[in-house]
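This report describes a protein–DNA model, beginning with the surface near one DNA strand and ending with a pair of packed helices.

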2 protein chains.
Amino acid sequence: MTETRRSGAETRERILAVAREHFAQQGYDRTTIRSIASAAQIDPSMVMRYFGNKEELFKVAASIDLALPDLSATPEGEVGRVMTAHFVRTWDSEGTLMALLRRAASDPQAAEQMRSIFATQVAAAVAPLCPDPAQAARRAALVATQLLGIALGRYVLHLPPIVEMDPEEIVAWVGPTIDRYLTADSAQPDQESGRVGSS
Amino acid sequence: MTETRRSGAETRERILAVAREHFAQQGYDRTTIRSIASAAQIDPSMVMRYFGNKEELFKVAASIDLALPDLSATPEGEVGRVMTAHFVRTWDSEGTLMALLRRAASDPQAAEQMRSIFATQVAAAVAPLCPDPAQAARRAALVATQLLGIALGRYVLHLPPIVEMDPEEIVAWVGPTIDRYLTADSAQPDQESGRVGSS
DNA sequence: CATTGACGTCAACGCCTGTTGGCCTACAAT
DNA sequence: ATTGTAGGCCAACAGGCGTTGACGTCAATG
């Protein structure tokens, strides 16, 4: 072993980089092995050699670590802003999560992968901050909807007002929403009356 | 003309109904003309006869009227709840908007269609309610991100906590968020400091 | 030097897709 | 009864896809 010769795993990385980019920008179905290979200046069969099949390549390319900061150290009232800022920064710098989001829109298995990410990473990071453990999953999911909604508007649908906003503005608007989802009383989320009553 | 014989436009409607369903559940790429035809108990070539090509069929199938209620008649403070309830009800009953959302995730043209819907329908309905006309588009877009985020979580990703929530619970949580996006001071969205400062 | 084995290419397979044109059939009008 | 026409099916095309296997070609190893 010990890196037999100059290339090898290097090519693998090049394929992976191109694949991430293509998956993120065009989604799974519209990304072809051939186009990836062409962009990586390589034969399509090499992609198969290194990753077995398209499915497997996507799995590797879309493996994600949100790298959420330790939120328990964040002062209360700033959690929403910190979290929002973290996500926007992550999305702006690399599109891996966007690739998965795109695919999840039309593929149940990718949706499952997305669910797993938010269950293990977002919910886990957020649960300690919730006043009521029983509602933690629900609160985390609400947080996810708002953050993913921003991602959808900014990177997928390209809604002009969202695209034009500075990261700081997004944080200023969305941060308080996140905070409210995390800390507001579960029966009466905000001010105002609003009976929820399940039964 | 004058409806020559029993079927004809009837078949067209059947195709359209099946197409809506398939597009909504599986997205554009994974929905095939053949599968639509098969489900409609018809030959694939008939689909072409009636709609020209797949693209055109999708356009017709995904034409959407959000049918937003008149929000200016809604008492202030209830707008968010009314709007959220309207969307959740619409989504639960028919999946046309979901079909478009799915497609928009991987097709720029569908994304453009989505943008147009929100520009002409959501922004238009919401603009009169905003304190500052200059910020109306931005506020409407923020509203859209939260509503679409819910749609994504509930109907596409199937995040368990979101799926399990009653429509009333969603309204109770999300309504106030919508209200805040529509009415909160633009520089300091909520409580707390949080300078936005573009320069 | 001979051998091995990984890196890489080429050409092809089988499959599924959107799309087309020809043909059949049955009704409505003449 | 004949004709026109619209509804419908069938068979096939061309093209793109993921995937495969045989075939070169070097560098490192014995």
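α3(B) supplies three residues, the largest share of the surface near DNA strand C. Helices here are DSSP runs of H or I of at least four residues, numbered from the N terminus. This is a predicted model, in which local features need pLDDT of at least 70, side-chain atom pairs count only at pLDDT 80 or more, and totals for chains, interfaces and linings use all residues. Residues are numbered from 1 along each chain as its sequence is written, with chains lettered from A and ligands numbered from 1 in the order in which they are written.

DNA strand C is surrounded by 17 residues, the closest being A:G8, A:D43, A:S45, B:T32 and B:N53; near means a C-beta atom, placed from the backbone, within 6 Å. At least two residues each come from α3 (44-51) of chain A and from α2 (33-39) and α3 (44-51) of chain B.

The table divides two sets of residues by class. Ala, Val, Leu, Ile, Met, Phe, Trp, Tyr, Cys and Pro count as nonpolar, Asp, Glu, Lys and Arg as charged, and the others, Gly among them, as polar.

| Set | Nonpolar | Polar | Charged |
|---|---|---|---|
| Surface near DNA strand C | five residues | eight residues | four residues |
| Contact of α5(B) with α10(B) | 11 residues | four residues | three residues |

In chain B, the axes of α5 (residues 79-93) and α10 (residues 167-183) come within 7 Å and cross at roughly 130 degrees. The two helices are therefore oblique to each other, as angles under 35 degrees count as roughly parallel, over 145 as roughly antiparallel, 65 to 115 as roughly perpendicular and the rest as oblique.

Conventions
Axes fitted to C-alpha atoms, helices over the stretch in contact; angles between N-to-C directions.
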